[in-house]
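Welcome! Here is a short tour of one protein model, starting at its surface and moving inward.

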Amino acid sequence: MIDEYSSRTPDGAITMHLLMGVLVLAVAVLFALGTGLASVPLLGLIAVTAYGWIRYEGETAKALTLLATALTVSILALIVGYLIWHSLPAIEKVGLELFTGGTSWDAEASGDTGSFSLTPMLMGTALTTLIATAIAAPLGIAGAVFLSELAPPRVRAVVKPGVELLAGIPSITYGFVGLTLVNQYFFMQFQTPAIASYFAAGLMIGLMALPTVVTVAEDALSSVPESMKGGSLAVGSTEWQTTKSVTLPAALSGVSAAVLLGVGRAMGETMAATVMLSHTKGFPSPFFDVFSRWGETLTTVIAFEAPNAGGLHESVLFAAGAVLFFTVMSLSIAAQWIEWRMHRKLGGDA
């Protein structure tokens, strides 16, 4: 393979690739050592890239894309390693009680002392995620079916870009609307025990996840071959019967992936929940009381307490971040696998 690469690549481009690799390695090593000299090889890398773009544009583009891919994987690996490394002190000192203990949270302790439990935050994350999923999943699938199968072309051309634009609204905007309108509405109209509640936060997070579910599910429904739909219509089925009995079952994997991605978005939401919840740690009584005064999730405890955390307290917050990271990553991997299965099925390879 190396001989084939050398025969097809000019000698100057090979030298440029090697030099770029050496400079990238030098930047990484000097940056990790904190010497302040990382800018020197970085400037050299920029100069070599500029020269290569002029002389060997195609080969330089290949090198840059390879470099971008390697950097992406490296950054992901560094994040995982950093989270695990800083979570170890909390896991070693607290043990499994960190995830299965009671409601203790001694944030005033300093150094390596204190009593912490993430169990209430795990419960809060589960409650808000379930509420958000109960809102985003059915509404998102219904919206995707309408856009893909039932909407006139003119309506689809306007509504679909609008739905996609909703995904770009900052989460703090949703949180502020939820704080000033939704929280106050439930407090004034239904006399909920507290202005902040899991239900209101889950409602807003579900609305935030809705564009993701609609967009991905609509793409899955649109990928169903027209021959399958045409065959159903040819035997006398109505458009709705075709959608219900042919299109939805054929795209079920993609629709499921859309719901999983929406769940991941809901679980990892920070700012909206931070603004809307009361930041009181404890278990509702009963545990499914989503209108209780208790209100904290894994994301909100990290955002709310990280600036003043230190020692064991900081390590516990890193452990919370690690739990979130691996949970959302698992959901993303599952969604990608389901989409892969859908493409194999529709492509006739499964």
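## A nonpolar patch on the surface

Helix α7 gives the largest share of the nonpolar patch, three residues. The patch is formed by Phe-146, Leu-150, Val-155, Val-158, Val-159 and Trp-240, with about 520 Å² of accessible area together. Both α6 (119–150) and α7 (153–166) give two or more residues to it. Patch residues have over 30% relative accessible area and no salt bridge (a side-chain nitrogen of Lys or Arg within 4 Å of a carboxyl oxygen of Asp or Glu), and nonpolar side chains are joined within 5 Å. Areas come from the Shrake-Rupley method with a 1.4 Å probe, and only the protein chains shown count as cover. Helices are DSSP runs (H or I, at least four residues) numbered from the N terminus.

Val-158 lies in helix α7 and counts as exposed because its relative accessibility is 63%; exposed means over 50%, buried under 20%, and partly exposed in between.

## How the model is read

This is a predicted model, in which local features need pLDDT of at least 70, side-chain atom pairs count only at pLDDT 80 or more, and totals for chains, interfaces and linings use all residues. Residues are numbered from 1 along each chain as its sequence is written, and side-chain values use heavy atoms, leaving out hydrogens and water.

## Inside the protein

Now to the interior. The largest nonpolar core (buried Ala, Val, Leu, Ile, Met, Phe, Trp, Tyr and Cys residues joined through side-chain atoms within 4.5 Å) has 21 residues, of which Leu-98, Trp-105, Leu-118 and Val-316 touch the most other members. Helix α15 supplies its largest share, seven residues.

Definitions and conventions:
Patches are made of residues with over 30% relative accessible area and no salt bridge: like charges are joined within 9 Å, nonpolar side chains (Val, Leu, Ile, Met, Phe, Trp, Tyr) within 5 Å. Buried means under 20% relative accessible area, exposed over 50%, partly exposed in between (1.4 Å probe, protein chains only).
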